[in-house]
Amino acid sequence: MLSAESITCLITQNALEWPGQLRGDGLLLTLGSPLQPLTAPSARVIDLADQSSIDGLYSEPVTDWTSYEMMPGEMLLGAVEQPLRLGPGVMGVIGGLSHLARVGLAVHVTSPFVLPGWNGHLTLELVNTGPAVLRLHHGMPLGRLLVFAVNGPHSNNVAPHPFYGHESDLKSRYADEFPANPSQR
């Protein structure tokens, strides 16, 4: 794991771009816009091989907000306020703030890894697992990104991922990326 001093050096060398705050030895992730609520779909079953079926899980994104009341059991996608770019020799690991976990807010419920070449706004999967409504605020700290150097040889040509990092579209693109027919992958 890299120290704050090493992270600052990477920023100076343009190997990492981060306009946000460093907190300890990590990047402080704050909640931005949009928020993407999930909704009860009209279909009883969501077919993960059908992108239009997946798209039925989402209601309209919330773009102009200062606070949002998150119901118990609700899942919400939230963009990290600051964009991030990781160079070819740098990766990150997302971790939620334990203060929030202690009130029932799970901040990132999937793989914590951010791979080399990432460029854009991270998306956090927020779930209210507690018994109370939680009021979220635009710009509130939600987690940290710990930064690591990739060990060993690596390519300086990292291809951008076609679906990730787009601030305005947080929805899953699973069926688009992994078609049901293996020959289309």
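This briefing walks through the fold, the salt bridges and a few selected residues of the chain above. The model is predicted. The chain has four helices and 13 strands, and four salt bridges are found in the structure. Arginine 173 is a good residue to keep in view, as it belongs to a salt-bridge network together with Asp55 and Asp169.

**The chain as a whole**

- The chain has 185 residues, and 37% of them count as buried.
- If you look at contacts between residues at least 6 apart in sequence, 76% of these join residues at least 24 apart.
- The accessible surface of the chain is about 10200 Å², and carbon and sulfur atoms account for 54% of that surface.

**Arginine 173 and its network**

- You will find arginine 173 in the loop that runs between strand E13 (141–149) and helix H4 (174–177).
- Its relative accessible area is 16%, which is under the 20% cut-off, so arginine 173 counts as buried.
- The side chains of aspartate 55 and arginine 173 form a salt bridge with an N to O distance of 2.9 Å.
- This pair links distant parts of the chain, since aspartate 55 sits in helix H2 (residues 51–55) and arginine 173 in the loop between E13 and H4, 118 residues apart.
- The side chains of arginine 173 and aspartate 55 are also joined by a polar contact of 2.9 Å.
- Aspartate 55 is partly exposed, with 27% relative accessibility, whereas arginine 173 is buried.
- Asp169 completes the picture here, being linked with Asp55 and Arg173 in a network of salt bridges.

**Salt bridges between strands**

- Arginine 85 and glutamate 17 meet through their side chains in a salt bridge of 3.0 Å, N to O.
- Arginine 85 lies in strand E6 (residues 84–86) and glutamate 17 in strand E1 (residues 16–17), so this salt bridge ties together parts of the chain that are 68 residues apart in sequence.
- Within this pair, arginine 85 counts as buried at 18% relative accessibility, while glutamate 17 counts as partly exposed at 38%.
- Another salt bridge pairs arginine 135 with glutamate 69, where the closest N and O atoms are 2.5 Å apart.
- Here too distant parts of the chain are linked: arginine 135 is in strand E12 (residues 134–137) and glutamate 69 in strand E4 (residues 67–70), 66 residues apart.
- Glutamate 69 is partly exposed, and its relative accessible area is 41%.

**Glutamine 51 in helix H2**

- Helix H2 also holds glutamine 51.
- Glutamine 51 has a relative accessible area of 9%, again under the 20% cut-off, so glutamine 51 is buried.
- Setting aside neighbours within four places in sequence, glutamine 51 is in contact with Ser172, Arg173, Tyr174, Ala175 and Asp176.
- Among those partners is Arg173, the residue that also meets aspartate 55 of helix H2 in a salt bridge.

**A nonpolar surface patch**

- Leu48, Tyr174 and Phe178 make up a nonpolar patch on the surface, and together they have about 310 Å² of accessible area.
- Phenylalanine 178 is placed in the segment after H4.
- At 38% relative accessibility, phenylalanine 178 counts as partly exposed.
- Tyr174 is worth a second look in your viewer, since this residue of the patch is also one of the contacts of glutamine 51.

Note on methods
Residues are numbered from 1 along each chain as its sequence is written. This is a predicted model: local features need pLDDT of at least 70, side-chain atom pairs count only at pLDDT 80 or more; totals for chains, interfaces and linings use all residues. Side-chain values use heavy atoms; hydrogens and water are left out. Helices (H or I, at least four residues) and strands (E, at least two) are DSSP runs, numbered from the N terminus. Buried means under 20% relative accessible area, exposed over 50%, partly exposed in between (1.4 Å probe, protein chains only). A polar contact is a pair of N or O atoms within 3.5 Å; within protein, one must be able to donate a hydrogen and the other to accept it, and residues adjacent in sequence count only if both atoms are side-chain atoms. Contact means heavy atoms within 4.5 Å. Accessible areas come from the Shrake-Rupley method with a 1.4 Å probe; for residues, only the protein chains shown count as cover. Patches are made of residues with over 30% relative accessible area and no salt bridge: like charges are joined within 9 Å, nonpolar side chains (Val, Leu, Ile, Met, Phe, Trp, Tyr) within 5 Å.
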